[in-house]
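Visitor: Could you teach me how to read a few features in a protein model?

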Amino acid sequence: MAELEGLEFGKSDFVLLDEVTMEQFMENLKLRFEKGRIYTYIGEVVVSVNPYRQMEIYGKDAIEAYRGRELYENPPHLYAVSDAAYKAMKRRAKDTCIVISGESGAGKTEASKYIMQYIAAITNPSQRAEVESVKNVLLKSNCVLEAFGNAKTTRNDNSSRFGKYMDINFNFNGDPTGGHINNYLLEKSRVVQQQPGERNFHSFYQLLRGGSDEMLKAFNLHSDPAAYAFTREGAAAATSNNDRTSLKAVMSALEVIGFSVEEIRSVYQILASILHLGNLQFESDNESVQIRGADALAHVAELTATDPDGVSSSLLFRTVATGGGEVIQKGHTQHEACFGRDAFAKALYERLFGWIVGRINCVIEVKDYDPVLHGKNTVIGVLDIYGFEIFDNNSFEQFCINYCNEKLQQLFIELILQQEQSEYQREGIAWQHINYFNNQIIVDLVEQPHKGIISILDEACLTVGNVTDTLCLDSMDTKLAQHPHYTSRKLSPSDKSMDFQKHFRIRHYAGDVTYSVEGLLDKNKDPLFQDFKRLMYNSANPVLKEMWPDGQLSITEVTKRPLTAATLFKNSIVALVDKLACKEPYYVRCIKPNEMKSPVLFEDARCRHQVSYLGLLENVMVRRAGFAYRQHYTRFLQRYKMTCEYTWPNHLMGSDRDAVEVVISQHGFQGDVAYGHTKLFVRTPRTLFTLEQERAALIPILVLFLQKVWRGALARMRCRRMRAIYAIMRSYKRYKVKAHFWEVERRFASVRTMADYGKSVEWPRPPAALAQFHNNTVMLHRRWWARQIVKNIPPSDMLEVRAKVAALTALGGERKDWGISRAWERDYLANTRDSPQTSSCFRRVSKELRNRDEYSQVLFSGFCRKVNRFNKSTDRGLLITDKYVYKLEPKKQYKVLKRLPLDNFTGLSVTSGVDQMVALHTSSQDDVLLCLQRGELAPNQDRVGELVGSLVDHFTRVRKAPFPVKVCRAALQLQMRGKAKSVTVETKPGQNLADFRKSRDGFVLLVPGN
Ligand SMILES: Nc1ncnc2c1ncn2[C@@H]1O[C@H](COP(=O)(O)OP(=O)(O)O)[C@@H](O)[C@H]1O
Ligand SMILES: [Mg+2]
């Protein structure tokens, strides 16, 4: 019961049909095909209709969707049965098999590939290398087997011309550990002859069209298939596969599987020698037979690594043992030679194919397996065998193939019925018999000892003397005249669709097939002259030799007749059926919708025919016999408990079975069900449908309900999470703030006792929230620190400190040197150390001036070079007090030349250099330009800074008036008697002392060069 498909796609399980009639079955099948739903169930059987187009249902997503799911959880798919087979194998350690049946071109091989891919995809999740390599070989072997075993027929461009049964072995983990391929009856007659429009095996065209020039040259081949008798028929046939690219894929697959370079070369050498053999002709001159085409003969000898004479004699003669232990050479007739050549070519190919399969088996066979160590080794078998075939001309191969399909149908009937029956028995439910067509009677017609067709054929082959195909037909007509499924022209003379002495007809379960007896006996006997076998055994090529071990026997040793082809085939099919019967089977029933390979055409009659001979309708009936549907109680409850108030959301009954009973009786379905031991059986699909519909109606409400609950839960969860986030954030913030405090405290705890009062202590980085706090505390500390420093300065030094602070601010870092590190003495003219000769004199003058002018403080004094009103420069003494600025004549005992009130001064300008020039600006625009000179105390140090500091400090602190200071980088600007002047500084080598000189727009201060 697939639930994910709407009813517009038809019913996903035929069991759910309202009535089991051919009409309804076909209607549903057709509807689903048209809607692109190629798979439909009958219980656990998958019915597949070949879509003849690429379907988007095999991707990774699809694999994931089916992995580990139950059949009814997804739409019908091959993957679902594959998974079911895999699960059964893994859960219950059961061997399982997947049997794919259907006629030629119905999609069996494709299905088997998808199944393999699925199994490969879902196993070995841990990617163990040895398991991967087993999987790789299993997947790659397909490509090789298809190249050598498939061919284009009128039915199918890629028809499998052999039967394939592949076992995959799994360890207890469920990972593939190896495998084994059984191949059945390769249609080798195709090597030498094909029906019109058909091709030989793909491998020949791949070699010719895809082989490199070097390779073809070495094999003496041309790339044209029309040049060889065996490939001529199919040379022009178009196929959907590209032979050239296929060859590359095959060669690389061979390599991956583990074929050596020599082995791969030998494989293609054998193909080449078969092609050359085909071009060998014989001519006869009544006396003897000769070979026409010496080149081809030489090539065959070379490619098979044999002696050319040996090749020619095996083609022309056969060795016969006479009674007395002697051997003689007997020449062939032309006809015999041709027959021998063809038999040889066929045998070469058949043995090559068998050898390839054997070689693959060697690689993938489970090695070092120990059940004690590795647990039970379980198997999944995949059977992809040729489907039922009817051609215009049906021969031995079709007879075998159709017999094989009869056997498999028999198995299907047995297993499906038996399974059903045992299930009812197990569950304690009464079983009701269903009529179905049992094809055992046809199987018997073919295989019964003594009376069966195979027996009659074998008997004819054994009979010494000239038994012809027609004599054999007579014998069948006699022995099988009464059989309801056998007829011939002789038995029903009015039926003109058969010829006398040529045709017989079997009424197979899948339809009537008319077989031709021509060549039947030869194909059954399948003779090959011993000489060929010996020739090949003696080949110098070890690969070839290995394929022909029976060539070892000498002619006199060969006495026993080998089994006939039909008997060999029958034995292998019986063995196959035995193998399948002991496994849990899963079926894929393939249907071919049309003969045109069209993706849209659904030929009603064709499909109806297939449905009927596959017994699908009976299958549905059996499945529904009494009970269309069964389910474990727990699962049933899980699915339908919402339809009953007592079971939703959970029941309080003693067991799930009781709860199921409540659900059933609430709906009034008591009469339509039976209770097994573990499962509930539902008789009519309608019941199930009603339940399904109710469920479907409730689902949206439940979904809404669940969504509501879940959304609420989600929102609450989100809310809780947000709250937690905020709580965490808060705590963290608090912690960070506290941690910062602690750290600041720790670092600064002892600054009071530190030599630098904590100036060198590094501040911890504050959290963002404390940025402002951080700035404040830094500032606070700085202030405190400054206070500590200032506190310790003696009052006598305060004036100097203040002046230095004022200079620092006023110069704003613009001037290079301003004497900060020096002690500032201020009154240099009065300083005995600076001016030892004149200081006493100055002190006297200064005292007089103080008395007279009543100034209280000397701001600055010193020698200077000054520009006078005539633009001449002269040496002067400069005294700046808090009242006046005096210009003194040092040469005349410091006679006052000029006295200017300090109020007149409005600011000053200096340069940014190291010169000692100062321009004192006045309100009367008659500025004083001078260059300070230094005495002995500090002959090279700066005094400009000191002058600036003293003046600025005095003005700002005492007079509370601004005193702007300009630091000029280029020329210094000033006014002299109202006229603007500009002063530049130049270095002049040879200049002794700094001095002014007039320039065009003012003055130049020449300073000594070094
Ligand atoms: N599932 C599928 N999807 C697409 N094409 C398919 C599918 N099954 C079969 N076919 C087409 O049908 C052709 C014949 O299928 P194949 O499996 O070779 O048939 P069979 O083995 O039954 O004779 C394929 O070559 C392919 O073109
Ligand atoms: Mg096939």
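Guide: We will take a helix, a metal site and some unusual backbone spots in turn. This is a predicted model, where local features need pLDDT of at least 70, side-chain atom pairs count only at pLDDT 80 or more, and totals for chains, interfaces and linings use all residues. Residues are numbered from 1 along each chain as its sequence is written, chains are lettered from A and ligands numbered from 1 in the order in which they are written, and side-chain values use heavy atoms, with hydrogens and water left out.

Visitor: How many residues does helix α9 have, and what span does it reach?

Guide: Helices (H or I, at least four residues) and strands (E, at least two) are DSSP runs, numbered from the N terminus. The expected span of a helix is 1.5 Å times one less than its number of residues. Helix α9 covers residues 243-257, 15 residues, and goes 20 Å from its first C-alpha to its last, close to the expected 21 Å.

Visitor: Which residues of α9 are buried?

Guide: Buried means under 20% relative accessible area, exposed over 50%, and partly exposed in between (1.4 Å probe, protein chains only). In α9 the buried residues are D243, S246, L247, V250, A253, L254 and I257. They sit on the same side of α9 because they cover an arc of only 130° around the axis, the arc being that of the directions from the helix axis to the C-beta atoms. On the other side of α9, K248 and E255 are exposed.

Visitor: What do the buried residues of α9 pack against?

Guide: Contact means heavy atoms within 4.5 Å. The buried residues of α9 pack against α5 (129-149), α7 (202-210), α10 (261-278) and α13 (334-364).

Visitor: What is found at the start of α9, and what follows the helix?

Guide: A polar contact is a pair of N or O atoms within 3.5 Å; within protein, one must be able to donate a hydrogen and the other to accept it, and residues adjacent in sequence count only if both atoms are side-chain atoms. At the start of α9, a side-chain oxygen of N242 comes to within 2.7 Å of the backbone nitrogen of R244. After α9 comes G258, with a positive phi near 120°.

Visitor: Which protein donors does the magnesium ion have?

Guide: Donors are N, O and S atoms within 2.8 Å of the metal (3.2 Å for Na, K and Ca); water is not among the atoms, so sites may look incomplete. For the magnesium ion (ligand 2), the protein donors are T109 (OG1) and S160 (OG), 2.0 to 2.2 Å from it. The pair links distant parts of the chain, with T109 in helix α4 (residues 108-122) and S160 in strand β5 (residues 159-160), 51 residues apart. Both T109 and S160 are buried.

Visitor: Where should I look for unusual backbone angles?

Guide: Most residues other than glycine have a negative phi, and most peptide bonds are trans. N220, not a glycine, has a positive phi of about 55°. N220 lies in the loop between α8 (213-218) and α9, and is partly exposed at 31% relative accessible area. R977 also has a positive phi, near 45°; its loop runs between β28 (972-976) and β29 (979-988), and R977 is exposed, at 55%.

Visitor: Which residues does the cis peptide bond join?

Guide: The cis bond joins W648 and P649, with omega about -5°. P649 lies in the loop between α25 (633-640) and α26 (656-667).
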